[in-house]
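User: I've got a structure open and I'd like to poke at the labels people put on it. Can you walk me through the reasoning behind them?

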Amino acid sequence: MQYIQDIVSLCQKHNMSYTFFITPLSGQLLSAIHNDTALLKTLHSFKAKLSNITGYYDFLTHNEINDNQFYFGDTMHT
């Protein structure tokens, strides 16, 4: 989290714009996270800490793309 804070601070200092996002995972992996109490707690903690530092786009959600076998036929996706 300190690295992210440092990046945000440098961007602000030098008047640079930035966009943070959490990359998507396949629906299979996302389901595994949601079914594991410790992993889900860690993910929620990470998102809460990140939101205290900066805004971000969260693509780590179930949706028609990462749940679609055409795009994410396996955990490594095509």
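User: Why is Asp58 called partly exposed?

Analyst: This is a predicted model, by the way. Asp58 has a relative accessible area of 27%. Buried needs under 20% and exposed needs over 50%, so with 27% Asp58 lands in between and gets called partly exposed.

User: And what makes Asp58 and Lys47 a salt bridge?

Analyst: The N to O distance between their side chains is 2.6 Å. The rule asks for a Lys or Arg nitrogen within 4 Å of an Asp or Glu carboxyl oxygen, so the Lys47 and Asp58 pair qualifies. By that rule the count comes to one salt bridge. Side chains of opposite charge can pair when their charged atoms come close.

User: How do you know that the pair links distant parts of the chain?

Analyst: Look at where the partners sit: Lys47 is in helix α3 and Asp58 in strand β2, 11 residues apart.

User: Is Lys47 buried or exposed, and what makes it so?

Analyst: Buried. Its relative accessibility is 14%, and the cut-off for buried is under 20%, so the label holds for Lys47.

User: Lys47 also touches Ile22, I see. Why is Ile22 called buried?

Analyst: Ile22, in strand β1, has a relative accessible area of 11%. That is under 20%, so Ile22 counts as buried. Beyond its sequence neighbours up to four places away, Ile22 touches residues including Phe46, Lys47, Leu50, Asp58 and Leu60.

User: What puts Ile22 in the largest nonpolar core?

Analyst: A core member has to be a buried residue of a listed nonpolar kind, joined to others through side-chain atoms within 4.5 Å. Ile22 is buried at 11%, and it is one of the 10 residues in that core, along with others including Phe20, Leu50 and Leu60. Helices α1, α2 and α3 each supply at least two residues of this core, and α3 gives the most, with three. In soluble globular proteins, nonpolar side chains tend to be buried together.

User: Tyr57 is on the Ile22 contact list too. What makes Tyr57 exposed?

Analyst: Its relative accessible area is 53%. Exposed means over 50%, so Tyr57 makes the cut. Tyr57 is found in strand β2, and its C-alpha is 6.3 Å from that of Ile22, although the two are 35 residues apart along the chain. Tyr57 also forms a nonpolar surface patch with Phe21 and Phe59, with about 360 Å² of accessible area together.

User: Why does the Thr54 and Tyr18 pair count as a polar contact?

Analyst: Their side chains are joined at 3.0 Å, and the limit for the N or O pair is within 3.5 Å, so this one passes. Thr54 sits in the loop between α3 and β2. At 8% relative accessible area, Thr54 is buried. Besides Tyr18, its contacts outside four places in sequence are Val8 and Phe20.

User: What is unusual about the phi of Asn15?

Analyst: Most residues other than glycine have a negative phi. Asn15 isn't a glycine, yet its phi is positive, about 55°. Asn15 is in the loop between α1 and β1. Its relative accessible area is 75%, which is over 50%, so Asn15 is exposed.

User: Last one: how do you know that Ile65 is partly exposed?

Analyst: Ile65 has a relative accessible area of 37%. That falls between 20% and 50%, so partly exposed is the label. Ile65 is in the segment after β2 and touches Tyr71 and Phe72, leaving out residues up to four places away in sequence.

Conventions
Residues numbered from 1 in each chain as written. Predicted model: local features only at pLDDT ≥ 70, side-chain atom pairs only at ≥ 80, totals over all residues. Heavy atoms only, no water. Patch = residues over 30% accessible without salt bridge, like charges linked within 9 Å, V, L, I, M, F, W, Y side chains within 5 Å. Areas by Shrake-Rupley, 256 points an atom, 1.4 Å probe, with all protein chains shown as cover. Helix = DSSP H or I, 4+ residues; strand = E, 2+ residues; numbered from the N terminus. Buried < 20%, exposed > 50% of the residue type's maximum accessible area, 1.4 Å probe, protein only. Contact = heavy atoms within 4.5 Å. Polar contact = N/O pair within 3.5 Å; in protein donor to acceptor, adjacent residues only side chain to side chain.
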